[in-house]
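Let's take a walk through this chain, charged pairs and greasy middle alike. Keep the view open and turn it as you read.

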Amino acid sequence: MASANDARYGQKESTDQNFDYMFKILIIGNSSVGKTSFLFRYADDSFTPAFVSTVGIDFKVKTIYRNDKRIKLQIWDTAGQERYRTITTAYYRGAMGFILMYDITNEDSFNAVQDWYDSAYVLLLVGNKCDMEDDRVVASERGRQLSEQLGFMFFEASAKDNINVKQTFERLVDIICERMTENLESADPSITGHKQGHQLNEQPQRSHKDCAC
């Protein structure tokens with residue numbers, strides 16, 4: 001969970017209006033697949049092995065530059081427990097893309113991918129914890145085949161060893177930008193950026209490529 005300093009930092013970042021686009025991204029998947037660690041690695045370049053399961057929703061903000069544009073990412077870390085699923089889905093509105101994550105050492109988390117999948121969204125499939133090769137139960141090829149079947153890209157990654165974390169987010173942002181370009185005239189106003197007057201009004205309710213390793 002985010003600390004008080006993280007919360008203040010996130011609030012400060014959220015008030016920064018100097019950006020071209022704002023994208024809301026959600027990380028979804030079963031509990032304990034490493035969503036929080038993945039987010040912290042990307043946003044803060046930090047890793048803590050003893051994260052407590054997220055309760056409800058948490059988020060971080062990170063600003064990046066892609067294709068000469070300043071893009072603010074509002075990245076939401078969601079609880080994977082079934083009892084929080086209704087809370088999680090309430091925050092899907094306005095999301096531009098999703099990282100759907102499973103744990104390569106947990107067969108159940110892989111089998112649950114299609115329960116989380118929704119063809120209406122821009123998705124990347126991520127097999128996390130590829131640093132734990134000795135404990136692997138889901139082969140890379142199975143993840144690749146499933147992603148091809150569902151029609152989106154696939155990465156294996158490790159938050160612990162910082163493998164394919166940045167690449168995953170950057171590829172998702174590129175896909176969102178490509179979709180925006182392709183559908184510029186017919187795009188929903190919710191996907192336009194600050195220059196078009198769009199800002200995210202929602203505030204979080206804080207409650208408590210393949211593997212290169």
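A salt bridge here means a side-chain nitrogen of Lys or Arg within 4 Å of a carboxyl oxygen of Asp or Glu. With that in hand, look at Glu-156 and Arg-136: their closest N and O atoms are 2.8 Å apart, so they qualify under the 4 Å cut-off. Glu-156 sits in strand β6 (residues 153-156) and Arg-136 in the loop between β5 (123-128) and α6, so this pair ties together parts 20 residues apart in sequence. Are the two partners buried or exposed? Glu-156 is buried, at a relative accessible area of just 1%, and Arg-136 also counts as buried, at 18%. Bear in mind that this is a predicted model.

By the same rule, the count of salt bridges comes to eleven. Another one joins Arg-66 and Glu-170, with N to O at 3.4 Å. That pair links distant parts of the chain, 104 residues apart: Arg-66 belongs to strand β2 (residues 57-66) and Glu-170 to helix α7 (residues 165-182). Both of these residues are buried. They also have company, since a network of salt bridges links Arg-66, Lys-166, Glu-170 and Asp-174.

Now swing over to Arg-142 and Glu-107, whose side chains meet at 2.6 Å, N to O. Here the link runs from helix α6 (residues 140-150), home of Arg-142, to helix α4 (residues 107-111), home of Glu-107, across 35 residues of sequence. Arg-142 is partly exposed at 29% relative accessibility, and Glu-107 is partly exposed too, at 28%.

Back to α7, which deserves a longer look. Its 18 residues should span 26 Å at 1.5 Å a residue, and the end C-alpha atoms are indeed 26 Å apart, so the expectation and the model agree. Among the buried residues of α7 are Val-165, Phe-169, Leu-172, Val-173, Ile-176, Cys-177 and Met-180, along with the charged Glu-170 and Asp-174.

That leads to the greasy middle. The largest nonpolar core has 30 residues, and Phe-23, Phe-38 and Leu-73 touch the most other members. Two or more residues come from each of β1 (21-29), α2 (35-44), β3 (69-78), β4 (97-103), β5 and α7. Which element gives the largest share of this core? The answer is α7, with eight residues.

Phe-23 is a handy place to zoom in. Setting aside neighbours within four places in sequence, its contacts include Ile-71, Leu-73 and Met-96, and also Val-173, Ile-176, Cys-177 and Met-180. There is a second, separate core of 25 residues, which includes Phe-59, Trp-76, Tyr-102 and Phe-152.

Next, the strands. β1 and β3 run parallel and are joined by seven bridges; one residue to find is Met-22, whose bridge partner in β3 is Lys-72. Nine of the ten residues of β3 are buried, so the strand is largely enclosed by the rest of the structure.

Finally, a word on confidence. The mean pLDDT is 79, and 70% of the residues reach 70 or more. Over residues 1-14 the pLDDT is below 50, although this stretch has 22 contacts in the model beyond near neighbours in sequence. Residues 191-213 are also below 50, and that stretch has 61 such contacts. Where pLDDT is low, the predicted coordinates should not be read in detail.

Note on methods: Residues are numbered from 1 along each chain as its sequence is written. This is a predicted model: local features need pLDDT of at least 70, side-chain atom pairs count only at pLDDT 80 or more; totals for chains, interfaces and linings use all residues. Side-chain values use heavy atoms; hydrogens and water are left out. Helices (H or I, at least four residues) and strands (E, at least two) are DSSP runs, numbered from the N terminus. Buried means under 20% relative accessible area, exposed over 50%, partly exposed in between (1.4 Å probe, protein chains only). The expected span of a helix is 1.5 Å times one less than its number of residues. A nonpolar core is a set of buried Ala, Val, Leu, Ile, Met, Phe, Trp, Tyr and Cys residues joined through side-chain atoms within 4.5 Å. Contact means heavy atoms within 4.5 Å. pLDDT is the predictor's confidence in each residue, from 0 to 100. Two strands pair if DSSP finds at least two bridges between them.
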